Amino acid sequence: MVKMLDEILEQPAAIERCAKHNSDTIRELAERVKNGDIGSIVLAARGTSDHAAVYGKYVFEILTGIPVGLSAPSVFTMYHRKLKMDRCLVIGISQSGMAEDVLEVIRQANETGALTVSATNNAASPLAKESHYHLDLSAGLEKSVAATKTFTTEMYLLASLAARIAGDEGILEELTRLPGMMTNMLDTPEDIAEKVQRYRFINECFVLARGINYAVALEAALKIQETNYVRAKAYATSDFYHGPLALLDSDIPVMIFAPKGASFPDIARMAGKLEEMGMEMIMVSNDEGMLAKGACRLRIPDTDNDILSPYFNALHAQMF
């Protein structure tokens, strides 16, 4: 866990390196997408990288208006089918660059005339070599089994590319401020260390979010599972109403990502429902009213931009 905490604390510097290392490639790639006949985007990934891809799906569709699909690599590796991807931008995401099924998606995409991109932490990896463009996470060696800094750098690359394709200078400017804001959050990790003591012996929990932050809910649940062997399950609040809500009892805490922004009203309704039921909430928010509902309160920087808040929520989830 010491290695994991060290790598969590490295994330602002990793994002700065990532931004500097890839700026020219992202500009060139964005121009090619804008000048080409790209009708859709396909993201291929597994595990933590797949959660970054969920974030990427939202960001690309919101900023560029281009439809995005999450690839099912088994279509290629298990069912041996070929897809028509000649007007697609296909992005393979893998920390190691060694994921065989993601690599197969890129190979098949190349054969059908797609524009292919890889995002890896290893420029010498098979995935990096197979794709037309490579985006380097530049995160440095990740020693912890539980990925942290590669998750946020993957998200950063996808957001930067989407903003550059869209020509959204406002988002690009806000992305440049991320490392400083994240550094300020990381100044007092002992605060979370103290708050988390209450939850060291839980057996299960739920993690809820809505919209773009659903990607962080998925990642938070995975991190809780693989580092603490706790049965954690992530849901979008819109889905949680339909069945899973009935599984709650007073011994199951619920972590809620509730940043200001487009998703806030829906999250607030769910928090109100859970409060009425007497459920214990671990609240991650920048809204005072929402924080007041939490038995555990984790504050994030003040923003109403759903493209930025996932980075802050991810930091708290990882440290928790």
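The following questions and answers concern helix packing, a sheet and one buried residue in a predicted model.

Residues are numbered from 1 along each chain as its sequence is written, and side-chain values use heavy atoms, with hydrogens and water left out. In this predicted model local features need pLDDT of at least 70 and side-chain atom pairs count only at pLDDT 80 or more, whereas totals for chains, interfaces and linings use all residues.

Reader: Are helices α7 and α8 roughly parallel or roughly antiparallel to each other?
Author: Helices and strands here are DSSP runs numbered from the N terminus (helices H or I, at least four residues; strands E, at least two). Helix α7 (residues 149–166) packs against helix α8 (residues 169–185) at an angle of about 155°, the axes being 8 Å apart. Axes are lines fitted to C-alpha atoms, for helices over the stretch in contact, and angles run from 0 to 180 degrees between N-to-C directions. Angles over 145 degrees count as roughly antiparallel and those under 35 as roughly parallel, so α7 and α8 are roughly antiparallel.

Reader: Which residues of α8 make the contact with α7?
Author: Contact means heavy atoms within 4.5 Å. From α7, the contact is made by Y156, A159, S160, A163 and R164. The residues from α8 are E169, I171, L172, L175, T176 and L178.

Reader: In what order do the five strands of the open sheet lie?
Author: Two strands pair if DSSP finds at least two bridges between them. The pairing in this sheet is parallel, and its edge strands, β7 (231–236) and β10 (296–299), each pair on one side only. The order is β7-β6-β8-β9-β10.

Reader: Which residue of β10 is the bridge partner of V284?
Author: Strand β9 (residues 281–285) and β10 run parallel and are joined by four bridges. The partner of V284 in β10 is L298.

Reader: Which strands does helix α10 touch where it packs on the sheet?
Author: Helix α10 comprises residues 214–228, and its direction makes about 175° with that of β7. The strands touched are β6 (204–209), β7 and β8 (254–258).

Reader: Is L208 buried or exposed?
Author: L208 lies in strand β6. Leaving aside residues up to four places away in sequence, L208 touches ten residues' worth of neighbours listed as A217, Y235, T237, F240, V254, M255, I256, F257, M270 and L274. Buried means under 20% relative accessible area and exposed over 50%, with a 1.4 Å probe and protein chains only. The relative accessibility of L208 is 0%, so L208 counts as buried.

How values were computed:
Angles under 35 degrees count as roughly parallel, over 145 as roughly antiparallel, 65 to 115 as roughly perpendicular and the rest as oblique.
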